Amino acid sequence: MAAASTRPIAADATSARDEAFVPGFAAAFEGAFDYAGAFSSGALSDAIREDIPAAHRRAWARLARPGTWWTAEERVAIAAETRAAVYCPFCRERREALSPFSVEGEHAHVTADVLPRAAVDAVHRLVTDATRLSGSWIEGLAQKGVPDTHYVELLSIVVAIRSIDAFHRAMGLAPEPLPTPFPASETGAPSRKRPAVTETRTAWVPLIVPAKLEAENDDLFPAAPMVPNVIKALSLVPDGVRWLKDLSQAHYLPMAGGEMMDFSRGRGPLSRAQTELIAGRVSALNECFY
């Protein structure tokens, strides 16, 4: 694992809340995600926009710190299991079974006893068999040591790692080494703060109600008459939404200012129609029912 640099990173926080989430980016990863160096050496055939490695470094800074419910060590362990699941023989066997709940076995896990067994299984299912998850399975996780809050934060980590690793795969780059978790003596414990007002009618996990946002979370959603459910999906853990927004701004489009929902607006050399065509194709390949 790569050790964290103590030098500040030259990247802007996406909001004041982000700066609170990763205080001052004081211990960031300036040497990580060196796409400019890869381009100079010929390992990359195309230069990469500077905002993309900056977002990836912020992701690593977030990953290496305590979250809302998981410790820094547990968060990095979730990231490691996210990568290991791709090569897990038991996941392949289960994926081929008629029902994902009809096969028993052991995952090829890589994090010893850092995580509850149910958390390891949740990560592997999310990575390898997400289309066959169910609401009753998520409800059952709580009895196995993974309550809804922990599940949503775990999901936010899986999403971030899969997004960044997919970018590397598309560019022909090896995955970035995972960060070393910061010691609790430097970063404290998880905040363990659950939003005061949520609703449970829309999804398998509680969602924040945009009209009843607490002041400390009023940066989460764009000012629009309707907030898409896909953006609210991680809102039981508000920092998960902030992480998703930061990566979406670099990989896709900003949520702020209504740019993402305005289909006349695009970014870069592709038109918005071309961008959405690629996004739709990727979603289909991933069997995304949303």
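Ala112 lies in the loop between α5 (89-96) and α6 (117-128). The model shown here is predicted, and this loop residue is a convenient place to enter it. Ala112 is not a glycine, yet its phi is positive, at about 50 degrees. With a relative accessible area of 53%, Ala112 is exposed, because the cut-off for that class is over 50%.

A second residue with a positive phi is found in the segment after α12 (272-285), where Glu287 has its place. Phi of Glu287 is near 55 degrees, and Glu287, too, is a residue other than glycine. Glu287 has a relative accessibility of 43% and therefore counts as partly exposed.

From these two residues the path leads to another loop, the one between α3 and α4, which holds Ala64. Unlike an exposed residue, Ala64 is buried, with a relative accessible area of 0%. What does Ala64 touch, leaving aside its neighbours within four places in sequence? The residues in contact with Ala64 are Phe29, Ala72, Val76, Pro179, Thr180, Pro181 and Phe182. Pro228 is 164 residues away from Ala64 along the chain, and the C-alpha atoms of the two are separated by 29 Å.

The helices on either side of that loop can be taken next. Two packed helices are described by the angle between their axes and the distance between the axes. For helix α3 (residues 51-63) and helix α4 (residues 72-84), the axes come within 9 Å and cross at roughly 125 degrees. That angle makes α3 oblique to α4, because it falls neither in the range of 65 to 115 degrees for roughly perpendicular nor over 145 for roughly antiparallel. On the α3 side, Trp60, Arg62 and Leu63 take part in the contact, and they meet Ala72, Arg75, Val76, Ala79 and Arg83 in α4. By class, five residues of this contact are nonpolar and three are charged, with no polar residue. Ala72 and Val76 appear here in the contact with α3, and both are also among the residues in contact with Ala64.

A second helix pair is formed by helix α8 (residues 148-171) and helix α11 (residues 238-251), whose axes come within 10 Å and cross at roughly 15 degrees. How are α8 and α11 oriented to each other? They are roughly parallel, because angles under 35 degrees count as such. The crossing of α8 and α11 is left-handed. In α8, the residues of the contact are Ser156, Ile157, Val159, Ala160, Ser163 and Ile164, and they meet Gly240, Trp243, Leu244, Leu247 and His251 in α11. The contact of α8 with α11 divides into seven nonpolar and four polar residues, with no charged residue. The contact of α3 with α4, by comparison, has three charged residues and no polar ones.

The cysteines remain. How many disulfides does a search of the whole structure find? The search finds zero. Cys91 is in no disulfide, and the nearest cysteine sulfur, that of Cys88, is 3.7 Å away; a disulfide would need the two sulfur atoms to be within 2.5 Å. Cys91 counts as buried, at 2% relative accessibility. Cys288 is likewise in no disulfide, and the cysteine sulfur nearest to it, that of Cys91, is 20 Å away. With a relative accessible area of 42%, Cys288 is partly exposed.

How values were computed: Residues are numbered from 1 along each chain as its sequence is written. This is a predicted model: local features need pLDDT of at least 70, side-chain atom pairs count only at pLDDT 80 or more; totals for chains, interfaces and linings use all residues. Side-chain values use heavy atoms; hydrogens and water are left out. Axes are lines fitted to C-alpha atoms, for helices over the stretch in contact, and angles run from 0 to 180 degrees between N-to-C directions. Helices (H or I, at least four residues) and strands (E, at least two) are DSSP runs, numbered from the N terminus. Contact means heavy atoms within 4.5 Å. Ala, Val, Leu, Ile, Met, Phe, Trp, Tyr, Cys and Pro count as nonpolar, Asp, Glu, Lys and Arg as charged, and the others, Gly among them, as polar. A crossing is left-handed if the near helix is turned anticlockwise from the far one by less than a right angle, and right-handed if clockwise. Buried means under 20% relative accessible area, exposed over 50%, partly exposed in between (1.4 Å probe, protein chains only).
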